[in-house]
Amino acid sequence: MAEYKHKEVERKWQRYWADNKIFEANVDHNKPKFYVLDMFPYPSGAGLHVGHPLGYIASDIVSRFKRNKGYNVLHPMGFDAFGLPAEQYAIQTGQHPALTTAENIKRYKDQLQGIGLSYDWDKEVRTCDPKYYKWTQWIFSQLFSCWYNYDSNKAESIETLIAAFEKKGNKKINAACDDDTPIFDAAYWNRLSEAGKAKLLLKYRLTYPADALVNWCPALGTVLANDEVKDGFSERGGHPVERKKMRQWMMRITAYADRLVGNLNKLDWSASMKDMQTNWIGKSYGCELDFEVYDKDIALTCFTTRPDTIFGVTYMVLAPEHELVRELTTEEHREEVEAYVQKAINRSERERMSEIKTVSGVFTGSFVINPFTNEKVPLWIADYVLAGYGTGVVMAVPSSDDRDFRFATYYGLPVKRVIAGTEDLKDPTEIKHGKMINSGFITGMDSSEAVHATIDYAEKEGFGTAKVNYRIRDAVFSRQRYWGEPVPVYFTEDGIPRLLPESELPLELPPIDEYLPTKSGEPPLGRAKKWLYKGKYAYELTTMPGWAGSSWYFLRYMDASNDREFVSKEAAEYWNSVDLYIGGTEHATGHLLYSRFWNLFLYDRGYVTHEEPFQKLVNQGMIQGRSNIAYKLKDEHKFISAGLKKKYDVMELHVDVNIVHNDILDVEAFKKWMPDYKDAEFELEDGKFRCDFAIEKMSKRWYNVVNPDDVIEKYGADTLRMYEMFLGPIELSKPWNTHGIDGVAKFLRRLWALFYDADGKSLVNAGKPKAEEYKALHKTIQKVEMDIENLSFNTSVSEFMICVNALTQLNCHKKEILEKLLIVLSPFAPHIAEELWQSLGHEESIIHAEYPEFDESYIKEDEYEFPVMVNGKMRTKIKFALDKSPGEIENEVLENDVIKKWLDGKSPKKVIVVPKKIVNVVV
């Protein structure tokens, strides 16, 4: 082949890999395993743009490299296929979401395969496939059948809890359970009806139905997770979201909070990612204190990490959602309170937590009694207090807490200073710890000592107790929509949820006439006709959330065709945890947390042998769009080239980047794209119409979406792969810019030219390589191996270019050099590497070749070229063997003709020789 024809070559090798199942991965105890995983995508109708493959290409490079290093590599791909977009499309068109999803998946697969990604497609999973969600339902059933024993610190079968209740009741049971769980003895338990026992057990089960405050989106007809809501609107579609109480299935993730925090130390994750999870879980040590409401037989319990500041409390705050708000609001303040509460509860908790500078609140008219001082303090409501964190009640200490201080200052509430050094400060919160002042019996104590003293006193007096608290709450596990996994539960006449027998799974989605809630407000599944268990019991009508199927898919990949169990013991033990997981930071407090929770549960129950699912996690940055902007006269059909815009009064117009090359607009293509301007005038500069550019999110709105299919069509998949890596470090965000892509395409043509001349004749020979040729190769072997291990792919691409340039200059066509170079290059540019590998006479895929071993002797320098200075000015350069002594170097320098000329017959005062640096002759 005279020239490299990327289309022909890439189609050929993609067919070969698929037909021969080159990337198939099965348990092989003769090889070490390496499990590389991408966060699987939701298959949207838009398909991939060039930003999406960034992480996929990086993981593919590692996968191919590890295969060359002798590992048995599992590198699968699947689809997170349940989701709102397909359901919204179904609502608009009537087309079943399964059809839309299947069409989208086909497009995604075609695009992924076109990039040459080395996925084992036999392991593909789709969360919407009943064969898959059978096991999602099975895991739900296991969770329903278990409780969390804090004494053994793991999940156990509910049968062990029942046995304990039958013998001794729950007085000595140390379990994760609802706060309102009663204390009872064995006699009480044994007297209960079966329905009574079942209701009581719901307070312990790891998944359970409860009335929960949720993010309800009327327009979408479903409950949304906190990470699906932004500024009071749904992330999908921008619809208003309100907070309301609804009957929901919950997951008792709080049982695992301590382990979820503690295990982070074992993981190779970035510090920022660990911090995000740590802060979301929010473990804190403190105590609960009871404050009696003045003139009422009610006590408010608050959690605090700073009981040492109790003498500085000047007001109390309730969360707007607190169940006692109505009862504790006086008639005088009711109208104002109700208006405030209505507004506050419709803001997302994330928004309320992050908005630290805005102050808002309302006085209830009630007072509470500080149990340490017996003083009355006013009771307020403020949206910075969350119902789900602690008890939804906060003791406010303006002298020690920033937010309390801003609130007190704004509303004119007292500030009592209780820490030495704050007496004369304008903002007393600048000092948060120290010697206690104005604090009764703890005055003079250090704040850390005072914490223990106040807790001891509260416990002794009976109005407080030490406690560890968590910000994380049990996860809502219900969605009021159709396109999701059915919950495998039916309800008997007594309203008790019962599990479907395992033999009857999967419970499949029934057909319905419309994908909307019923007229009575039931979820869409309420439309299913005669959908009853055994013809008489109602099924659960909500479906599972989007995160259900993604919380265990990494396990199914290990044994995707197993219809007897979700993963075999052998496969789970062999593949173990994921060695490298690549995906975005947006999943920090959603998918990553839920996956860890489910994996810990399955570990507790003995189904897997690893506690944590993802040993190493890398968050790839975003490839941003590089938008192009044209300028148009405001009142005329005339466009002005960017360099001339200052002369005119112009308006900006985003143009399709696909009709712009190096910021030069294809004017005729623009007229076809925007027919309204087909007769417009264009004022050019130097015969061209130049656009400006802006770096923005890649979006259809800005016409800056670049389809990888178009790049591959023009330049080839190998060029796309190498160029995406060349753009910069994988963890950083960077703009897509095609200005440099020609350079990568030219590099591949220069590589081809090392093998073939212009007539297509092979140049490769069996000659013995020269030292410089070995040096160029082994520097590349060393650099690329180190780069891949460190995920520094951008510098590898530079190294390949340096190496090929060096070999071109050396006129090197030696098989021994080129063969090894191809193996090193193949993870980055697999198609051209396979083609050239075959041209060297190899019948097996390059994927089976052994990665070449780096030999340091080839790059070891045996001489160094010294700059030689005379009185600090460089006059020449002289090469010396590295083993020459300073004395020998000095003698040769003084005999050098150039140096003699500059010495002009004078004797030097001294000669300074700095090994492998410089020689300086001082006259």
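This is a short tour of a predicted model, moving from a pair of packed helices to a covered helix, a single leucine and two cysteines.

**First stop: H23 and H25**

Begin by selecting residues 741-753, which form helix H23, together with residues 793-809, which form helix H25; the two pack at an angle of about 40°, and their axes lie 10 Å apart. That angle makes H23 oblique to H25, and the crossing of the two helices is left-handed. To see where they meet, show the side chains of Gly 743, Val 744, Phe 747, Arg 750 and Leu 751 on the H23 side, and then those of Phe 800, Met 801, Val 804 and Asn 805 on the H25 side. Colouring this contact by residue class gives six nonpolar residues, two polar ones and one that is charged.

**Second stop: H26**

Next select residues 815-825, helix H26, which is mostly covered, with eight of its eleven residues buried. The buried positions are Ile 817, Leu 818, Glu 819, Leu 821, Leu 822, Ile 823, Val 824 and Leu 825. What do the buried residues of H26 pack against? Adding the surrounding helices one by one shows H2 (53-68), H22 (717-726) and H24 (771-789), along with H23 and H25 from the previous stop, and finally H27 (830-839).

**Third stop: Leu 836**

Within helix H27, pick out Leu 836, which counts as buried because its relative accessible area is 0%. Displaying its contacts, with residues up to four places away in sequence left out, brings up Leu 751, Trp 752, Phe 755, Tyr 756 and Leu 822. Of these, Leu 751 also takes part in the meeting of H23 with H25, while Leu 822 is among the buried residues of H26. A distance drawn between the C-alpha atoms of Leu 836 and Tyr 756 should read 9.8 Å, although the two residues are 80 positions apart in sequence.

**Last stop: two cysteines**

Finally, select Cys 146 and look for the closest cysteine sulfur, which belongs to Cys 177; at 16 Å it is too far for a bond. Cys 146 is itself buried, with a relative accessible area of 2%. Moving on to Cys 287, the closest cysteine sulfur is that of Cys 302, and here the separation of 7.5 Å is again too far for a bond, since a disulfide requires the sulfur atoms to be within 2.5 Å. Cys 287 is likewise counted as buried, at 1% relative accessibility. By this rule, the count of disulfides in the model comes to zero.

Note on methods:
Residues numbered from 1 in each chain as written. Predicted model: local features only at pLDDT ≥ 70, side-chain atom pairs only at ≥ 80, totals over all residues. Heavy atoms only, no water. Axes fitted to C-alpha atoms, helices over the stretch in contact; angles between N-to-C directions. Helix = DSSP H or I, 4+ residues; strand = E, 2+ residues; numbered from the N terminus. Parallel < 35°, antiparallel > 145°, perpendicular 65-115°, else oblique. Left-handed = near helix turned anticlockwise from the far one by under 90°. Contact = heavy atoms within 4.5 Å. Nonpolar A, V, L, I, M, F, W, Y, C, P; charged D, E, K, R; others polar. Buried < 20%, exposed > 50% of the residue type's maximum accessible area, 1.4 Å probe, protein only.
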